[in-house]
Amino acid sequence: MGLFSGTLLSNNERVLYSFPIILLVLPSLNSLIGDISTVLVSRLTSHLYIGTLSPKIQVSDRLKQDFYGLFITILLGLAALISLGYILGSVTGIQIVNPLFIISIFIITILILFGLMFIFLFMGSILIFRKGKDPNNFLIPIVTSLADFLTPLLIIIFIQIFM
Amino acid sequence: MEARDTKGKIIKETFPSEMVSIVGDILAGIVLSLLIISFKSFLLLILIIPALLSLRGNLSGPFIARTSRDFIIGEFNKKTWFENVLATLVLSLLTALAIGVFSILINFLLIKLYIFHIGLLIVIPVISIALTLSISIPCSTILNFLAFKRGLDPNNVVNPVMTAIDDFFTVICFYLTIIMLGVP
């Protein structure tokens, strides 16, 4: 997955050179969505094992609490990341092109990824748990690699669409 | 009340460690966008970097977890630590070799950039990850020890801090490697 991500970046040099700030914040964006997804899987697995979440694909209060808690955390993380990225980018002389456009792209990408990951991980955790396996062992490696690939992919796709 | 406490608890516990991770990764991003982008072979080098960052995370994470576990259950000693280090090193070097081989294949099929000797695509990840682990392994061992001695749960404290440190040093060691090898 890491090599696919690298291939994707390598084949879209025009985007990277047009918006150098992407390279600066990309490791943090990957890390943000990967970390939050890992926390989600870990929490869902714990809930399933201790019985506070029933192994059914249905909305519950516990699930809503996790969703809102992690959603607010990811919004705060995104705000911090973008602020820090742009401040350090300005200080170090990295060219900042069309900041509002790129910030919107980052926000849309992370929010869409969070939504998709939440649904995928919730359903995946339930299904794996029902088969008697530990969702942590299967989902955490998958989700961290997926995040590394999907984040730059969606950023590049949205730039191509909206530019 | 319980619903609010849980949401607030999630944010209070997750956000600080996430901030540590963000800072480390932003610093890694600065190295990427200031130093590495200026290389003529940047399009080849960017092929390897995400794979190295993933490799680092997938191998040093379990190393940290195993060391934490050994401290907590009272089984940390030279033998267990050495076995842990050896396993991590061997796995990392083998995976770095695989990254190099697949990079050569992808360059041959897709990118078709032949700016330097193609064998360097194997040497770069191997040396880079060896340098990174030479910093990461002692750092995480010491952090685990200090966290445990202060009565903290190493599992909660060490991983986010080491993610930030490791991501930064992965990119720095990568940069040092390509400088040492004279990559254009």
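Visitor: In this predicted model, what span should the 34 residues of helix α3 (residues 78-111) of chain B have, and how far apart are its end C-alpha atoms?

Guide: Happy to start there, keeping in mind that the model is predicted. At 1.5 Å a residue, the 34 residues of α3(B) should span 50 Å. The distance found between the end C-alpha atoms agrees with that expectation, at 46 Å.

Visitor: Which residues of α3(B) are buried?

Guide: A residue counts as buried when 20 or more other C-beta atoms lie within 10 Å of its own. In α3(B), that holds for B:Thr88, B:Ser92, B:Thr95, B:Ala96, B:Ile99, B:Gly100 and B:Ser103.

Visitor: Which residue follows α3(B), and what is its phi near?

Guide: Just past the helix comes B:Lys112. Its phi is positive, near 55 degrees.

Visitor: How many helices and strands does chain B have, and what box do its C-alpha atoms fill?

Guide: Chain B holds 5 helices and 0 strands, and its pattern along the sequence reads α-α-α-α-α. Of its 184 residues, 40% count as buried. Taken along the principal axes, the C-alpha atoms fill a box of roughly 60 × 45 × 25 Å.

Visitor: Is B:Val171 buried or exposed?

Guide: B:Val171 is found in helix α5 (residues 154-180) of chain B. The cut-off for burial is 20 or more other C-beta atoms within 10 Å. B:Val171 has 26 of them, so the residue is buried.

Visitor: Which residues does B:Val171 touch, beyond those up to four places away in sequence, and how far is its C-alpha atom from that of B:Ile49?

Guide: Its partners are B:Ala28, B:Val31 and B:Leu32, once residues up to four places away in sequence are set aside. B:Ile49 is 122 residues from B:Val171 along the chain. Even so, the C-alpha atoms of the two are separated by 7.6 Å.

Visitor: Let's turn to chain A. What distance separates the end C-alpha atoms of α3(A), and where does this helix bend?

Guide: With 30 residues at 1.5 Å each, α3(A) should span 44 Å. Its end C-alpha atoms are 44 Å apart, which agrees. There is also a bend of about 30 degrees, located at A:Pro27.

Visitor: How many of the 30 residues of α3(A) are buried?

Guide: The helix is largely enclosed by the rest of the structure. After it comes A:Gly51, whose phi is positive, near 90 degrees. As for the buried residues of α3(A), they number 23.

Visitor: Which residues touch the most other members of the largest nonpolar core?

Guide: In soluble globular proteins, nonpolar side chains tend to be buried together. Here the largest nonpolar core has 79 residues. One of its best-connected members, A:Ile110, touches A:Leu29, A:Leu32, A:Ile33, A:Ile74 and A:Leu78, not counting residues up to four places away in sequence. The residues that touch the most other members are A:Leu32, A:Ile33, A:Ile110 and B:Leu52.

Visitor: Which element gives the most residues to the side of chain A that touches chain B?

Guide: Between the chains, 42 residues of chain A are in contact with 40 residues of chain B. On the chain A side, α1 (2-10), α3 (21-50), α4 (61-92) and α6 (135-162) each give two or more residues. The element that gives the most, with 16 residues, is α4(A).

Visitor: How many nonpolar, polar and charged residues does that side of chain A have?

Guide: The count covers the side of chain A that touches chain B. By class, it has 21 nonpolar, 16 polar and 5 charged residues.

Visitor: Is A:Thr92 buried or exposed, and which residues of chain B is it in contact with?

Guide: A:Thr92 has its place in helix α4 of chain A. With 11 other C-beta atoms within 10 Å, A:Thr92 is exposed. Leaving aside its neighbours within four places in sequence, its contacts are B:Ile30 and B:Leu34.

Visitor: Where in chain B is the pLDDT below 50?

Guide: Chain B averages a pLDDT of 82, and 95% of the residues score at least 70. Among its elements, helix α1 (residues 2-36) has the lowest mean pLDDT, 77. Where pLDDT is low, the predicted coordinates should not be read in detail. The stretch below 50, which has 2 contacts beyond near neighbours in sequence, is residues 1-5 of chain B.

Terms used:
Residues numbered from 1 in each chain as written. Chains lettered and ligands numbered in written order. Predicted model: local features only at pLDDT ≥ 70, side-chain atom pairs only at ≥ 80, totals over all residues. Contact = placed C-beta atoms within 7 Å. Helix = DSSP H or I, 4+ residues; strand = E, 2+ residues; numbered from the N terminus. Nonpolar A, V, L, I, M, F, W, Y, C, P; charged D, E, K, R; others polar. Expected span 1.5 Å × (residues − 1). Bend = angle between axes of the 7 residues up to and from the residue. Buried ≥ 20, exposed ≤ 12 C-beta atoms within 10 Å, placed from the backbone. Core = buried A, V, L, I, M, F, W, Y, C linked by C-beta atoms within 7 Å. pLDDT = per-residue confidence, 0-100.
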